[in-house]
Amino acid sequence: MATGEGLNADFSKRVLIDTAALDWQPSPSASVWRKRLDLAGPKEAGRVTSVVRYDPDSAFPEHGHPDGEEIFVLDGVFSDEHGHYPAGTFLLNPEGFSHAPFSRGGCVLFVKLRQYPGLGRRQISHDMRAVRWERGPAAGVEVQTLYREPDHPEVIRLVRLTAGATWPRVVYPGGAEIFVIEGEIRDGSDTLKTGAWLRMPPGSAGPLKSETGALFYLRTGHLTGD
């Protein structure tokens, strides 16, 4: 799992983690906790994917985000001087963005750091509750696109499956990541329950089926060239 200073840093390997089974680890802030899923580079300055928990009345001092920051709010309300972001909000803060984040009531986040290099990316705030779902590629599948820009490889979506629905078999030339927000899905012989994180290397393929219904985050295209 670990490589040098890294964690799951070989992006050619498939990784599946039940984040609910991991213990919370301390962060540089005494009231903010994390569960790291992958890390490439220095411990506090590398490319990293984590689940992060803010205790009530917790805060970080103002800081920037080299190579950008991505946040999906899983629970509670995350805040900074730019606004308040309830569960279901997706944020992309590009290179050059700075803020002083806090949470009055506490929150849980899915976070990616240093994974959006390059100037010219848009700052995005997307509340899934305020956006209509689009019909997906199969019956019982709905989609919201969170991020897509023509000059960058990443495509990020929310996918909602009704009970018995299947996200069709797709080949992912640039790899894929899944985080299950609600319900459970099956990827071959593996069952991914709420909180499961799956990273699939470039060239992976396969359908995703839910017997009970599910909501999951899907990021594709980003592992090309890593």
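Trainee: Let's start with Asp57: is it buried or exposed?
Mentor: Keep in mind that this is a predicted model. Asp57 is found in the loop between β6 (47-54) and β7 (58-59), and it has a positive phi of about 60° although it is not a glycine. The cut-off for exposed is over 50% relative accessible area. Asp57 has 67%, so the word for it is exposed.

Trainee: And Asn8, buried or exposed?
Mentor: Asn8 also lies in a loop, the one between β2 (6-7) and β3. Its phi is positive too, at about 50°, although Asn8 is not a glycine. Under 20% relative accessible area is what it takes to be buried. Asn8 comes in at 8%, so it counts as buried.

Trainee: Stepping back, how many helices and strands does the chain have?
Mentor: Loops aside, the secondary structure is strands without any helix. The tally for the chain is zero helices and 25 strands.

Trainee: What radius of gyration does the chain have, and what would a compact globule have?
Mentor: The C-alpha atoms fill a box of roughly 45 × 40 × 35 Å along the principal axes. With 226 residues, a compact globule would have a radius of gyration near 17 Å. The chain agrees with that, because its own value is 17 Å.

Trainee: What share of the contacts with a separation of 6 or more comes from residues 24 or more positions apart?
Mentor: Some background on the chain: buried residues make up 50% of its 226 residues. It exposes about 10400 Å², with carbon and sulfur atoms supplying 52% of that area. As for those contacts, the share from residues 24 or more positions apart is 66%.

Trainee: Which strands are at the edges of the open sheet?
Mentor: Seven strands form that sheet, with antiparallel pairing, in the order β3-β23-β20-β25-β18-β17-β16. An edge strand here pairs on one side only. That description goes to β3 and β16 (134-135).

Trainee: Inside that sheet, which residue of β18 does Val143 stand opposite?
Mentor: β17 and β18 form a hairpin with six residues between them. The two strands pair in the antiparallel sense over seven bridges. Opposite Val143 in β18 is Val159.

Trainee: Which residue of β25 stands opposite Leu158?
Mentor: β18 pairs with β25 as well, in the antiparallel sense and over seven bridges. Six of the seven residues of β18 are buried, so the strand is largely enclosed by the rest of the structure. Across from Leu158 in β25 is Tyr217.

Trainee: Which residues have the most contacts inside the largest nonpolar core?
Mentor: That core has 22 residues. Elements giving it two or more residues include β11 (89-93), β14 (107-113) and β18 (155-161). A second, separate core has 19 residues, among them Ala165, Tyr172, Val180 and Leu198. Back in the largest one, the residues with the most contacts are Phe90, Phe110 and Leu158.

Trainee: What is Phe90 in contact with, leaving aside neighbours within four places in sequence?
Mentor: Phe90 is one of the residues with the most contacts inside the largest core. Neighbours within four places in sequence are left out of this list. What remains is Glu70, Ile71, Phe72, Ile124, Ser125, His126, Leu146, Tyr147 and Ile156.

Trainee: How far apart are the C-alpha atoms of Gly195 and Phe179?
Mentor: Gly195 lies in the loop between β22 (190-192) and β23, and it is buried, with a relative accessible area of 9%. β23 (residues 196-200) pairs with β20 in the antiparallel sense over four bridges, and Phe179 stands opposite Trp197 in β23. Gly195 touches Phe179, and also Ile17, Asp18, Thr19, Ala20 and Val180, not counting residues up to four places away in sequence. Gly195 and Phe179 are 16 residues apart along the chain, and their C-alpha atoms are separated by 6.5 Å.

Trainee: Last one: which backbone oxygen does the side chain of Ser204 reach?
Mentor: Ser204 lies in strand β24 (residues 204-209) and is buried, with a relative accessible area of 16%. Not counting residues up to four places away in sequence, Ser204 touches Val170, Val171 and Tyr172. Its side chain reaches, at 2.7 Å, the backbone oxygen of Pro201.

Technical notes:
Residues are numbered from 1 along each chain as its sequence is written. This is a predicted model: local features need pLDDT of at least 70, side-chain atom pairs count only at pLDDT 80 or more; totals for chains, interfaces and linings use all residues. Side-chain values use heavy atoms; hydrogens and water are left out. A nonpolar core is a set of buried Ala, Val, Leu, Ile, Met, Phe, Trp, Tyr and Cys residues joined through side-chain atoms within 4.5 Å. Buried means under 20% relative accessible area, exposed over 50%, partly exposed in between (1.4 Å probe, protein chains only). Contact means heavy atoms within 4.5 Å. Two strands pair if DSSP finds at least two bridges between them. A polar contact is a pair of N or O atoms within 3.5 Å; within protein, one must be able to donate a hydrogen and the other to accept it, and residues adjacent in sequence count only if both atoms are side-chain atoms. The radius of gyration is taken over C-alpha atoms; the globule rule is 2.2 Å times the number of residues to the power 0.38. Accessible areas come from the Shrake-Rupley method with a 1.4 Å probe; for residues, only the protein chains shown count as cover.
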